[in-house]
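Reader: Please walk me through the enclosed space in this model and the polar contacts beside it. Start with the terms.

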Amino acid sequence: MTLAAVDIGGTFTDIIILEDDGSLRFYKGLTTPKEPEIGVRKGLKDLGVKKLSKLFHATTIATNALLGQLNLELPRTALVVTKGFRDVIEIGRQNRPELYNLYFTKPKPLVSRDSRYEVDERTTPDGKVMKEPNLRDLDLLVKKNYDSVAISFLHSYRNPENEKKVKEYLSKFFKYVIASHEVSPEQREYERTSTTLINAMLMPIVSRYVEGLRSLAEEVYIMSSSGGLITLEETVKRPVQIIESGPSAGLIGAKVFAEKLGYKDVISFDMGGTTAKAGAIVNGEVEITSEYEVGGRTHHGRIIKGSGYPVRFPFVDLAEVSAGGGTIIWADEGGALRVGPISAGADPGPVCYGRGGVYPTLTDAMAIEGKIGDLLSGEMRLDVKSAETSLSKLGDPMDVAEEAIKLASVEMARAIRLVTVERGLDPENFTLFAFGGAGPQFALELADEMGIREVIIPPYPGLFSALSLLTADLRFEGRKAFPNNVDKAFEELESNIHDVDYFVRYIDARYSGQGWELTVRVEKGQDYRKAFEEKYLSTYGYTLPYPIEVVLVRVFGVKRLVDLKLTEQTSGEVKVSKRKVYLGDWTEVEVYKRETLPKGFKAKGPAIIEEYSSTTVVKDGWEFEVSKLGSIILRRV
């Protein structure tokens with residue numbers, strides 16, 4: 001039984017093979033952006049794998065489709081709504097995302113007005129059907145050539161009968177039909193309609209993509225945005241839940257590894273070739289949010305609300321900035337040095353890759369300073385001379401490299417502040433868990449910027465998102481809006497989810513009269529009111545003497561798929577060499593081969609630790625120790 005975990009990033013495609021005996025084999029190759037499955041098939045071929053029993057996959061297919069990065073047009077989609085609500089998707093919310101931007105324009109509606117169809121039907125806010133749908137209103141729609149159809153009726157989260165009737169009828173004419181009660185059975189018709197429409201648009205694209213995966217393995221599971229694996233059938237039906245598939249894997253892996261190492265408060269820092277992502281794990285729990293916008297703009301890691309298309313679905317709470325190893329260094333009109341947001345990606349990539357890149361990147365800066373040598377254990381040679389030449393166009397190459405690294409660290413620190421300081425958390429009380437191909441290179445720069453005293457570099461950091469897939473659980477999700485009895489609603493939802501190991505419960509609740517809710521985890525047997533008030537107090541610093549209103553109950557059924565066990569090296573000959581590295585001036589430092597470092601090995605910086613998937617830069621004033629599971633713990637001296 002051969003298992004594979006595959007993570008397709010913006011720059012590299014990572015594959016980990018888990019054999020029957022528990023051993024691991026690895027592949028890291030450049031991503032093929034236009035046809036990502038080509039890179040996967042090449043990796044499996046290079047590893048000598050013909051057929052897999054299970055394939056765990058993190059993908060950016062949904063995000064790329066909505067951002068127009070796959071050289072394809074979005075499917076022709078029709079929207080069916082309650083009579084009088086044809087323009088709800090265009091009116092949206094009357095907020096102004098950029099108050100002082102006189103030229104701000106709202107995002108273009110995902111479907112034009114002539115592709116929106118009204119049905120004479122009505123359900124009351126308490127769920128009573130006042131008028132059944134008139135199917136004759138759909139005569140014009142069924143004659144059109146649409147790829148998919150989205151249905152979103154008023155108050156269907158209370159009673160979905162009218163949506164069910166229309167879906168049953170339209171399913172005779174169209175292959176892909178989805179109703180809002182199947183995707184987002186929640187209040188707020190604009191967000192619910194937007195979520196359903198995005199789901200409908202993704203269904204044909206994701207369906208074609210996952211069909212190509214079926215030939216690779218007997219069972220295929222996709223990472224969801226909520227931090228769990230889902231089946232292919234679930235992926236095709238509700239592809240909206242894989243929009244943040246790739247980034248969520250690493251955060252879940254960080255939670256699992258931190259727990260095994262005995263850490264509860266951890267900042268997950270994932271820096272790859274294109275972006276850097278940060279997430280907070282507080283008291284051993286990953287924060288979950290239901291508020292997300294896809295296709296919108298970000299400002300220093302913060303989504304500008306109203307600039308994109310809202311999606312109401314559980315997402316792990318992450319902040320992302322455009323700072324990766326492939327982020328381009330440039331000078332503005334005033335001659336000031338800038339870093340990002342554009343990335344060189346995988347094609348052509350950084351100049352030092354020797355694949356035709358002409359714009360200097362952060363990877364080129366690290367290369368000319370000697371902080372990284374040849375990649376992939378020597379399989380990928382770096383052209384340091386060309387990197388230096390490209391940086392020299394912006395000034396003295398060493399000065400440019402140093403300033404660019406500092407600018408990138410400041411930018412990435414903003415992402416960490418978004419998930420800590422802006423949530424009332426002090427980053428100095430957290431341990432930084434750094435991974436991704438570039439994460440260990442910048443980890444201590446970031447730690448110094450944030451005042452963090454301890455950093456963890458997990459095993460195989462450059463492949464960690466793929467490794468994290470092997471630690472993730474299979475998850476089944478159920479929701480119910482405005483329950484009459486919260487405890488009974490939990491039990492009802494759990495009775496509909498079978499063959500799982502345990503359940504995780506959440507509520508979306510607020511004080512009566514408030515307009516927005518908090519997502520709160522509730523343990524079985526715990527009073528949901530107490531759980532809400534504890535979360536409210538920790539979030540806002542006070543509670544209110546008002547009744548608590550539960551807007552939504554949510555249940556995840558969780559099932560373990562893999563028991564990943566990593567071997568630890570306890571003895572052996574430590575391989576160490578020396579290399580000159582630029583640390584303000586050129587200094588000869590020891591360069592360790594991580595694969596040869598046994599558990600308990602200690603040393604002080606400055607030093608370099610090289611391995612197949614990444615390089616860790618240990619600054620002066622820091623020391624490191626090889627800990628459990630082959631993790632490296634760095635501490636400020």
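Author: A polar contact is a pair of N or O atoms within 3.5 Å, where, within protein, one must be able to donate a hydrogen and the other to accept it. The model discussed here is predicted.

Reader: How many cavities of 30 Å³ or more does the structure hold, and how much space lies in the largest cavity?

Author: The count of cavities of 30 Å³ or more comes to four. In the largest cavity, the space is about 60 Å³.

Reader: Which element gives the largest share of the lining of the largest cavity?

Author: The lining includes Val81, Thr82, Glu189, Arg192 and Thr193. Two elements give two or more residues each: strand S5 (77–82) and helix H6 (189–214). The largest share, three residues, is that of H6.

Reader: By class, what residues does the lining of the largest cavity have?

Author: Phe85 and Ser152 are among the lining residues. Sorted by class, the lining has three polar, two charged and five nonpolar residues.

Reader: Which side chain of opposite charge is nearest to arginine 192?

Author: Arginine 192 sits in helix H6 and is one of the lining residues of the largest cavity. A salt bridge needs a side-chain nitrogen and a carboxyl oxygen within 4 Å. Arginine 192 is buried and has no salt bridge. At 4.1 Å, the nearest side chain of opposite charge is glutamate 163.

Reader: Which side chains does a polar contact of 3.0 Å join to that of arginine 192?

Author: One polar contact of 3.0 Å joins the side chain of arginine 192 to that of serine 156. Another polar contact, also of 3.0 Å, joins the arginine 192 side chain to that of serine 180. The names asked for are serine 156 and serine 180.

Methods. Residues numbered from 1 in each chain as written. Predicted model: local features only at pLDDT ≥ 70, side-chain atom pairs only at ≥ 80, totals over all residues. Heavy atoms only, no water. 1 Å grid on protein atoms, 1.4 Å probe; cavity = no way out; pocket = protein on both sides within 12 Å on 5 of 7 lines; lining within 4 Å. Points joined across faces, edges and corners; volume = space filled by probe spheres on them. Helix = DSSP H or I, 4+ residues; strand = E, 2+ residues; numbered from the N terminus. Nonpolar A, V, L, I, M, F, W, Y, C, P; charged D, E, K, R; others polar. Buried < 20%, exposed > 50% of the residue type's maximum accessible area, 1.4 Å probe, protein only. Lys, Arg positive; Asp, Glu negative; His and termini not counted.
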